[in-house]
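Q: I'd like to learn how to read a structure like this one, feature by feature. Can we go through it together?

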Amino acid sequence: MPIARAVLLIVPALVALVTVGCAPQAPAVPKEAAVDHFVKGQVLDEKGDTEAALAELRRAVKIDPELSIAYSSMGDIHRRQGDWESARRAYESACQTNPFAFAAHYNLGLTYQTLAEAAEAAEAVEQYLRKAVDLYLRALTLQPEDFDSNLNLSACYFQLGEAQEAEKYCQAAITIDPSSAKALANLATIKDSQEELYEAIKAYKASLELDMHQPDILLNLGSAYMRQGRLKEAMRSFEQAATEDPNNSVPVEKIGACYFYMREFNKAEESYVKAMELDPKSAAAHRGLGVAYMSQFIMDSKRTDMRDRALEEWNASLEFQPEQEDLRQLVEKYTPPLEGPKL
């Protein structure tokens, strides 16, 4: 983001009464010196000497603690370095010294949003997201037509589980830039989460018309089709995703699921095995292959070999992803009792 131009608040000078015997006032600290250090910091930063740049910027704010753009520049450097806590402090100082600095508010919101992504505790995630929301809202009061602020605000609301607000600001972003594949994909995800599948599919397809090279969106589209029982359309989406991202096991595993629901078990097995070749630790692929095997045992109880192979795959799936309570129950249900030697 470009650095916002500093807004100078011009305060009329107070007329002082001249009193005989008053001591003369100390001369004001020259603001030009602070600006000189700021400019030197910018030049050094452009040359890649970030530590020297930070030193000059610190000198600038020491001389003029109200120089908002210097704090913003420090925040930009810290953010590029991945030092998000230092970036946060710098941007906060920029916002405090200039409440009308759009870039500082936007960048502070982005910083809190990034901190939320890195946080592990749910309370910390929510706290950071709420702060990001407040800052993006402030940024939008300064520049209501800013695309990134609307889209990021929408993402924060979505993570907070507030779908209506998420959709509101996502739609605003689309109005600003109707050609944004990302904004349309985000709208589709919001609709998908609300089980508004036709609306989600429409938005997914609109996003893909603008940019076909989105394997994750193709996966989401295929999953939406599957939930509607439209297996052929789902298969096409998953095949496109596999073409776009040939090293990803997920679309191949999803193709296996489509074949399973079509009752083409051999093709399902082939897809699941291929998915495991791409990712041997794919819990979903092991689970799906186990389901394909177990279905054949259920159709023919004499095929205990299929049952045993299914249980082997299910146990492997649980090793890679233990949090599958339904699969644990299936393993318990179909595991034959142990029989000791007869005496």
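A: Let's start with Cys95, which counts as buried because its relative accessibility is 10%. The cut-offs are these: buried means under 20% relative accessible area, exposed over 50%, and partly exposed in between, with a 1.4 Å probe and protein chains only. Cys258 is buried too, at 0% relative accessibility. Before going on, a note on the source: this is a predicted model, where local features need pLDDT of at least 70 and side-chain atom pairs count only at pLDDT 80 or more, while totals for chains, interfaces and linings use all residues. Residues are numbered from 1 along each chain as its sequence is written, and side-chain values use heavy atoms, with hydrogens and water left out.

Q: How many disulfides are there, and what is the rule?
A: A disulfide is a pair of cysteine sulfur atoms within 2.5 Å. By this rule the count here is 0. Take Cys95: the nearest cysteine sulfur belongs to Cys156 and is 15 Å away, and Cys95 is in no disulfide.

Q: Which helices and strands should I look for in the chain?
A: Helices (H or I, at least four residues) and strands (E, at least two) are DSSP runs, numbered from the N terminus. This chain has 17 helices and 0 strands.

Q: What does the radius of gyration say about the chain?
A: The radius is taken over C-alpha atoms, and you set it against the globule rule, 2.2 Å times the number of residues to the power 0.38. For 343 residues that rule gives 20 Å, but the chain has 30 Å, well over it, so the chain is more spread out than a compact globule. Along its principal axes, the C-alpha trace spans about 120 × 55 × 35 Å.

Q: How much of the chain is buried, and what does its surface consist of?
A: Buried residues are 44% of the 343. For the surface, accessible areas come from the Shrake-Rupley method with a 1.4 Å probe, and for residues only the protein chains shown count as cover. The chain exposes about 19800 Å², with carbon and sulfur atoms supplying 53% of it.

Q: Where should I look to see a contact at work, say around Ala139?
A: Contact means heavy atoms within 4.5 Å. Ala139 sits in helix α6 (residues 122-142) and is buried, with a relative accessible area of 0%. Leaving out residues up to four places away in sequence, Ala139 touches Phe102, His105, Tyr106 and Ser149. Phe102 is 37 residues from Ala139 in sequence, yet their C-alpha atoms are 5.4 Å apart. Across the chain, 50% of the contacts with a separation of 6 or more involve residues 24 or more positions apart.

Q: And which residues other than glycine have a positive phi?
A: Two to look up are Glu195, with phi near 60°, and Arg263, with phi near 65°. Glu195 is in the loop between α9 (181-193) and α10 (197-210), and it is exposed at 53% relative accessible area. Arg263 is in the loop between α13 (249-261) and α14 (265-278), and it counts as exposed at 56%.

Q: Pro322 is in a loop as well; is it buried or exposed?
A: Neither label fits: Pro322 is partly exposed, with a relative accessible area of 34%. Its loop runs between α16 (304-320) and α17 (325-334).
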